[in-house]
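Let's take a walk through this chain together, starting from one small residue and working outwards. Have the structure open and follow along.

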Amino acid sequence: MDDAFHGLRQMIASGELQPGQQFPSEAQLCDRLQVSRGSLREGVRMLGALGVIESRHGSGTYVSALEPANIIGALGLTVGLMPLEGLIDMFESRRVLESHATSQAAANMTDAVAAELGGILDALELATEQEEASDLDAQFHEKITALAQNATIAELLRVFRSRSRSYQLFDLPAGPDIKAQSDLSHREILNALIARDPATAATAAASHVLQTERWAREHRPAATPGPLPVD
């Protein structure tokens, strides 16, 4: 199976199989890679789960378009298994990406988006239910990331946040204080965006993620099955 998987992967990575190209027949691939049909099919399934290939009913198997955002999205299959310690380690990478995305968003900010973000924060600050607050929080960050106009970074951040949603902070005994501080840091981000100040926006975003990381380290929330973000 590993030989088939890595063999197919190398054929795609080297350009021997191009995006959108149909796979050769099973017999040809088995001969090319020196693997069994069972091993080949398992390798194909693994690549399919990663978004690298796609099966078309009645037509065959093709290399996908290999869009970076789609491939990165498949990371959610494994990142979703990450325990709290792994998530905490991941915050460092997320801090860098959120900071960059927010600085780009500041450069691309419009009055219309600023008004939308302000409305989201107005609702978030009034929200008392965990699920509602988490949904609004996610909307705020997603809209900022979209404004950065980099689909790859947006998808990578979406994957990072997807695991964070299993660790709820707002429901902890300290939840009300955590939420109040989080609301304030959201406003700092928005103010920097409205000012079209990329440097201040980047700093505010990095501070916000670092704040969430510190809360996770201090309070160590238990994982829950609900898809709710911690920040």
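Start with Ala4, which touches Leu33, Val35, Ser39 and Leu40 once residues up to four places away in sequence are left out. Bear in mind as you look that this is a predicted model. Ala4 belongs to helix α1, which covers residues 2-13. Is Ala4 buried or exposed? With a relative accessible area of 0%, Ala4 is buried, because anything under 20% falls in that class. If you want a distance to check on screen, try Val44: it is 40 residues from Ala4 along the chain, and the two C-alpha atoms are separated by 8.1 Å.

Now zoom out. The chain has 11 helices and 2 strands. Reading from the N terminus, the order is α-α-α-β-β-α-α-α-α-α-α-α-α. The C-alpha trace spans about 65 × 40 × 30 Å along its principal axes. Of the 231 residues, 45% are buried. The accessible surface comes to about 11,400 Å², and carbon and sulfur atoms account for 53% of that. How about contacts between residues at least 6 apart in sequence? Of these, 74% join residues at least 24 apart.

Val52 makes a good second stop. You'll find it in the loop between α3 (37-49) and β1 (53-56). Loop or not, Val52 is buried, with a relative accessible area of 12%. Setting aside neighbours within four places in sequence, Val52 is in contact with Ile12, Leu47, Val63, Ser64 and Leu66. Leu17 is another residue to pick out from here: it lies 35 residues from Val52 along the chain, with 11 Å between the C-alpha atoms.

Next, the charges. The chain carries 19 positive and 31 negative charges, and the mean positions of the two sets are 5 Å apart. How many salt bridges does a search of the whole structure find? The count is 18, and a few of them are worth a visit.

Go to Arg187 and Asp122, which form a salt bridge with the closest N and O atoms 2.6 Å apart. This pair links distant parts of the chain, with Arg187 in helix α10 (residues 175-194) and Asp122 in helix α7 (residues 111-126), 65 residues apart. Arg187 is partly exposed at 24% relative accessible area, and Asp122 is partly exposed too, at 43%.

Another bridge joins Glu142 to Arg158, and here the closest N and O atoms are 2.9 Å apart. Once again the pair links distant parts of the chain: Glu142 sits in helix α8 and Arg158 in helix α9 (residues 151-164), 16 residues apart. Glu142 has a relative accessible area of 21%, so it counts as partly exposed, the cut-off for buried being under 20%. Arg158, at 31%, is partly exposed as well. This bridge has company: Glu142 and Arg158 are part of a network of salt bridges that also takes in Arg94, Glu98, Glu155 and Arg161.

Back in helix α10, there is a bridge of a more local kind. Asp183 pairs with Lys179, the closest N and O atoms being 2.9 Å apart. Both residues lie in α10, 4 residues apart, which is about one turn of the helix. Are these two residues buried or exposed? Asp183 counts as buried at 11% relative accessibility, and Lys179 is buried at 12%.

Finish out on the surface, where Glu129, Glu131, Glu132, Asp135 and Asp171 gather in a patch of negative charge. One of them, Asp135, has its place in helix α8, residues 130-147. Why can Asp135 be part of such a patch? Asp135 is partly exposed, with a relative accessible area of 37%, so it passes the patch cut-off of over 30%. Set that beside Ala4, where the walk began: Ala4 is buried, with a relative accessible area of 0%.

Conventions. Residues numbered from 1 in each chain as written. Predicted model: local features only at pLDDT ≥ 70, side-chain atom pairs only at ≥ 80, totals over all residues. Heavy atoms only, no water. Patch = residues over 30% accessible without salt bridge, like charges linked within 9 Å, V, L, I, M, F, W, Y side chains within 5 Å. Areas by Shrake-Rupley, 256 points an atom, 1.4 Å probe, with all protein chains shown as cover. Salt bridge = Lys/Arg side-chain N within 4 Å of Asp/Glu carboxyl O. Lys, Arg positive; Asp, Glu negative; His and termini not counted. Charge placed at Lys NZ, Arg CZ, Asp CG, Glu CD. Buried < 20%, exposed > 50% of the residue type's maximum accessible area, 1.4 Å probe, protein only. Contact = heavy atoms within 4.5 Å.
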